[in-house]
Amino acid sequence: MSITIFLLSYFVTSFFANLRASRKYFSRMLIRLIHAPSRFYDTTPIGRILNRFSSDIQVVDTAIRVAAYSAIGSVLSFLTTFAFIIYAVPIFAPISLVIAFLFVRLAPKYVKTARDLRRLESVSLSPAFAGFDEVLNGLSHIRAFAMEERYENAFFQKLDTTHGFNHVYVGEHFFPNLSWN
């Protein structure tokens, strides 16, 4: 019964909070759109404005609510699990404080490094996609001049560069003491 009351209160609260946020965001976007210079309307197609407007409102209406629900569920699940562990193994309480301290100290550095590595991987993936597109568009010419092996090797080289960033990311995650030089 308590779970039902909690879920009902969560859904009612999230509905009204979401509605309020959506109205506030819509009003701010509309005011900025109304006060935009006429040059903006000359250079930006109406379809793009409507698409951006509707997609931003859709994110506020759905994605934020889902993310909040997931975050609340994860926190409650963690606290419940942690309480049961402390109840079952009381000696774990001081150890968990040390683990929490290490997590708070190390997590921001890990997140920053992981973000930079993902950005590098994304940037390095662009030439691989461009090379693949070039091969597809010029396939008849490549075959006519018997250059398949050359283009294949160039493509594999681009993939190796791209996957090198991913391997560093995965390697540092699973094997922190391993040198990748």
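Is Asp56 buried or exposed? Asp56 is buried, at a relative accessible area of 17%, where buried means under 20% relative accessible area, exposed means over 50%, and partly exposed lies in between (1.4 Å probe, protein chains only). The model is predicted, so local features need pLDDT of at least 70 and side-chain atom pairs count only at pLDDT 80 or more, whereas totals for chains, interfaces and linings use all residues. Residues are numbered from 1 along each chain as its sequence is written, and side-chain values use heavy atoms, with hydrogens and water left out.

The protein contains six helices and zero strands, helices (H or I, at least four residues) and strands (E, at least two) being DSSP runs numbered from the N terminus. The order along the sequence is α-α-α-α-α-α. Of the 181 residues, 15% count as buried. The exposed surface of the protein is about 14,800 Å², of which carbon and sulfur atoms supply 69%; accessible areas come from the Shrake-Rupley method with a 1.4 Å probe, and for residues only the protein chains shown count as cover. Among contacts (heavy atoms within 4.5 Å) between residues at least 6 apart in sequence, 68% join residues at least 24 apart.

Asp56 belongs to helix H3, which spans residues 46-88. Apart from residues up to four places away in sequence, Asp56 touches Tyr25 and Met29. The side chain of Asp56 also meets that of Arg52 in a salt bridge, with an N to O distance of 3.1 Å. A salt bridge requires a side-chain nitrogen of Lys or Arg within 4 Å of a carboxyl oxygen of Asp or Glu, and the count by this rule is one. Arg52 and Asp56 are separated by about one helical turn because they stand four residues apart in helix H3. Arg52 is exposed, at 56% relative accessibility, whereas Asp56 is buried.

Aromatic contacts were examined next. A pair of aromatic rings is described by the distance of the centres and the angle of the planes. Rings of Phe, Tyr and Trp (its six-membered ring) pair if their centres lie within 6.5 Å; planes under 30 degrees apart count as stacked, over 60 as edge-to-face and the rest as tilted. Seven aromatic pairs are counted by this rule. In one of them, Phe26 and Phe53 have ring centres 5.2 Å apart and planes at 80°, so the pair is edge-to-face. This pair links distant parts of the chain, with Phe26 in helix H1 and Phe53 in helix H3, 27 residues apart. Phe26 is partly exposed, with a relative accessible area of 37%, whereas Phe53 is buried, at 16%. The rings of Phe155 and Phe156 have centres 6.3 Å apart and planes at 45°, so this pair is tilted. Phe155 is partly exposed at 22% relative accessible area, and Phe156 is partly exposed at 42%. One aromatic cluster is formed by Phe78, Phe82 and Phe92. In addition, Arg150 lies over the face of Tyr151, 5.7 Å from the ring centre; a charge sits over a ring if NZ of Lys or CZ of Arg is within 6 Å of the ring centre and within 35 degrees of the ring normal.

On the surface, Ile3, Phe6, Leu7, Phe11, Tyr69, Ile72 and Leu76 make a nonpolar patch of about 630 Å². Patches are made of residues with over 30% relative accessible area and no salt bridge; like charges are joined within 9 Å and nonpolar side chains (Val, Leu, Ile, Met, Phe, Trp, Tyr) within 5 Å. Helix H1 (2-34) and H3 each supply at least two residues of the patch, and the largest share, four residues, comes from H1. Ile3 lies in helix H1 and is exposed, with a relative accessible area of 59%.

Two further features concern other parts of the chain. Phe132, in helix H4 (residues 92-137), is partly exposed, with a relative accessible area of 43%. The C-alpha atoms of Phe132 and Glu152 are separated by 9.5 Å, the two residues being 20 apart along the chain. Ala146 is placed in the loop between helix H5 (139-144) and helix H6 (148-174). Most residues other than glycine have a negative phi. Ala146, although not a glycine, has a positive phi of about 55°, and at 59% relative accessibility Ala146 counts as exposed.
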